[in-house]
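Q: Please take a close look at a single position in this model and describe its surroundings. Then please relate it to further parts of the chain, with the cut-offs behind each term.

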Amino acid sequence: MAARRATMAFSSVIYGTFMLSPPQFFSSLSHYYSFHSNSNSESESESESEPLHFETLDEALSSFNRRLDMHPPPSIVDFVKLLTFISKMKHYSTVLSLSHQMDSFGFRPNVYTLTILINSFCHLHRLGSAFSVLAKMFKLGFQPNTVTFNTLMMGLCIEGKLGDAHHLCDKMIEEGFQPDTITYGTLINGLCKVGNTSAAIKLLRSMEQENCQPNVVVYTSIIDSLCKDKQLTEAFNLLSEMLTKGISPDIVTYTSIIHALGDLGEWKKVTTLLKEMVNSNIMPNVVCLSVVVDALCKEGMVAKAHDVVDMMIQRGVEPNVVTYNALMDGYCSRSEMHDAVKVFGTMFQKGCVPDVISYNILINGYFKIQRIDKAMHLFHEMCRQELIPNTVTYTTLIHGLCRMGRLQDAKVFFHEMVGRGQMPNLVTYRILLEYSEKMDILQTQWFC
């Protein structure tokens with residue numbers, strides 16, 4: 001009865017409380033370029049002016065080309081803004097190309113353009129090139145700023161080189177720079193990414209002792225890591241600490257906790273958090289609600305999950321491929337293939353393009369009810385759509401065929417899998433071993 005009441009309460013929140021706005025998207029730990037310096041008037045005017053905005057990359061590139069042809073040439077400030085905008089669009093290779101063009105036209109770089117260049121190299125996993133730009137910065141007589149060091153630390157953390165990132169932080173302090181919230185946030189996020197939550201919490205406390213105030217991004221990194229470690233009590237304690245300090249949780253904070261609670265089937269607590277979000281004017285977005293849909297399906301409450309998807313559409317929050325895949329997987333787990341296929345059709349109607357995972361889910365569902373013809377049809381359709389079958393696709397096919405005693409066909413797909421560069425995983429090899437024993441054939445025959 002308690003579980004039923006929790007589910008009913010959850011439904012009442014979904015239908016009665018949410019007044020959903022257009023979807024917001026996950027914010028992530030990012031570096032904000034504040035192009036400010038007291039050294040010259042150009043920098044001062046730059047910091048006061050509005051950032052550029054374009055609807056598309058092509059618009060930004062057209063603006064860049066127009067500026068290159070201007071006589072007299074524009075201030076470097078204009079190019080800083082353009083490169084910043086393109087970097088925020090994550091077109092990092094384009095940033096490198098445009099920077100090269102600026103060099104060829106005789107524009108002298110400054111600390112800001114070089115830092116943007118470092119940021120692009122870091123995101124492209126070209127850490128050596130990023131540090132080469134730092135060396136160039138020194139050679140040109142420029143003094144790196146805190147943003148420069150933070151960006152390099154981010155690059156080191158991306159590559160999992162946390163020791164080097166901490167060493168760079170120490171060097172930064174030796175050079176007279178004070179770590180800021182972004183510095184600590186970068187290191188804390190790096191520690192959380194590798195699962196070292198306890199070290200992240202220690203760094204949070206050190207940060208506070210240095211009178212550097214953590215923000216919502218810092219707290220959310222640790223809360224998310226605690227949730228992944230199933231340490232929900234500690235996550236809620238940190239959430240309470242945030243609120244006590246007047247730091248408001250954001251959509252990412254709530255989504256992390258909702259995900260963990262959903263995995264544990266704590267629907268009463270999910271309901272409470274959803275109410276808190278709405279009362280705080282934080283409207284659940286497609287990511288948050290997709291987490292709810294996935295968790296409901298894993299709990300076997302597929303009808304409730306479908307209700308949430310319908311509600312999303314009604315409220316203007318368009319489900320994405322992750323949402324639909326979760327719902328299809330829920331139906332397939334119950335062998336309700338008719339409903340799963342209807343969801344698949346809805347995806348097309350809504351203009352949401354299925355991915356490899358979508359097809360894998362349906363192929364597995366059809367094999368579970370021994371409809372090999374339907375499974376194979378989907379496999380061939382997937383290939384016609386120019387989607388590349390992955391290891392999961394082939395392992396699903398091999399398992400399904402083995403279960404139906406069609407070992408020769410399974411062997412053909414095994415060789416096709418390897419031939420296409422999709423390497424077998426542990427699950428694949430377990431299946432081969434299991435059915436070799438059942439069918440009394442030599443394990444080596446799979447490889448002949």
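A: Threonine 197 belongs to helix α11, which covers residues 197-209; helices here are DSSP runs of H or I with at least four residues, strands are E runs of at least two, and both are numbered from the N terminus. The model is a predicted one, in which local features need pLDDT of at least 70 and side-chain atom pairs count only at pLDDT 80 or more, while totals for chains, interfaces and linings use all residues. Residue numbers start from 1 along each chain as its sequence is written, and side-chain values rest on heavy atoms, with hydrogens and water left out.

Threonine 197 counts as buried because its relative accessibility is 4% (buried is under 20% relative accessible area, exposed over 50%, partly exposed in between, with a 1.4 Å probe and protein chains only). Its side chain is joined to that of serine 225 by a polar contact of 2.6 Å (a pair of N or O atoms within 3.5 Å; within protein one must be able to donate a hydrogen and the other to accept it, and residues adjacent in sequence count only if both atoms are side-chain atoms). Serine 225 is also one of the residues that threonine 197 touches when those up to four places away in sequence are not counted; Ile222, Leu226 and Asp229 complete that list (contact means heavy atoms within 4.5 Å).

A second buried hydroxyl-bearing position may be set beside this one. Serine 358 sits in helix α20, and its relative accessibility of 0% is why serine 358 counts as buried. The side chains of serine 358 and asparagine 325 are linked by a polar contact of 2.6 Å. Asparagine 325 appears again among the residues touched by serine 358, together with Val321, Met328, Phe344 and Met347, once residues up to four places away in sequence are set aside.

The helix that holds serine 358 also packs on another helix. The axes of α20 (residues 356-368) and α22 come within 10 Å and cross at roughly 5° (axes are lines fitted to C-alpha atoms, for helices over the stretch in contact, with angles from 0 to 180 degrees between N-to-C directions). α20 is therefore roughly parallel to α22 (under 35 degrees is roughly parallel, over 145 roughly antiparallel, 65 to 115 roughly perpendicular and the rest oblique). On the α20 side the contact involves Val356, Asn360, Ile363, Asn364, Phe367 and Lys368, and on the α22 side Val392, Thr393, Thr396, Leu397, Gly400, Leu401 and Arg403. By class, the residues of this contact are six nonpolar, five polar and two charged (Ala, Val, Leu, Ile, Met, Phe, Trp, Tyr, Cys and Pro are nonpolar; Asp, Glu, Lys and Arg are charged; the others, Gly among them, are polar).

Helix α22 (residues 391-403) has a further partner in α23 (residues 407-419): their axes come within 8 Å and cross at roughly 165°. The two helices are therefore roughly antiparallel to each other. From α22, Thr391, Tyr394, Thr395, Leu397, Ile398, Leu401 and Cys402 meet Leu407, Asp409, Ala410, Phe413, Phe414, Glu416 and Met417 of α23. The contact of α22 with α23 divides into ten nonpolar, two polar and two charged residues.

Elsewhere in the chain, the axes of α4 (residues 76-88) and α5 (residues 92-104) come within 9 Å and cross at roughly 160°. That angle is why α4 counts as roughly antiparallel to α5. Ile76, Phe79, Leu83, Ile86 and Ser87 of α4 make the contact with Tyr92, Thr94, Val95, Leu98 and Met102 of α5. Eight nonpolar, two polar and no charged residues form the contact of α4 with α5.

Isoleucine 86 leads to a loop position: its C-alpha atom and that of histidine 53, 33 residues apart along the chain, are separated by 9.7 Å. Histidine 53 lies in the loop between α2 (41-48) and α3 (57-68), and is exposed, with a relative accessible area of 59%.

Phenylalanine 131, in helix α7 (residues 127-139), is partly exposed at 29% relative accessibility. Neighbours within four places in sequence aside, phenylalanine 131 contacts Leu152, Leu156 and Leu168.

As for the whole protein, its secondary structure comes to 24 helices and zero strands. Of its 448 residues, 49% count as buried. Among contacts with a separation of 6 or more, 64% are between residues 24 or more positions apart.
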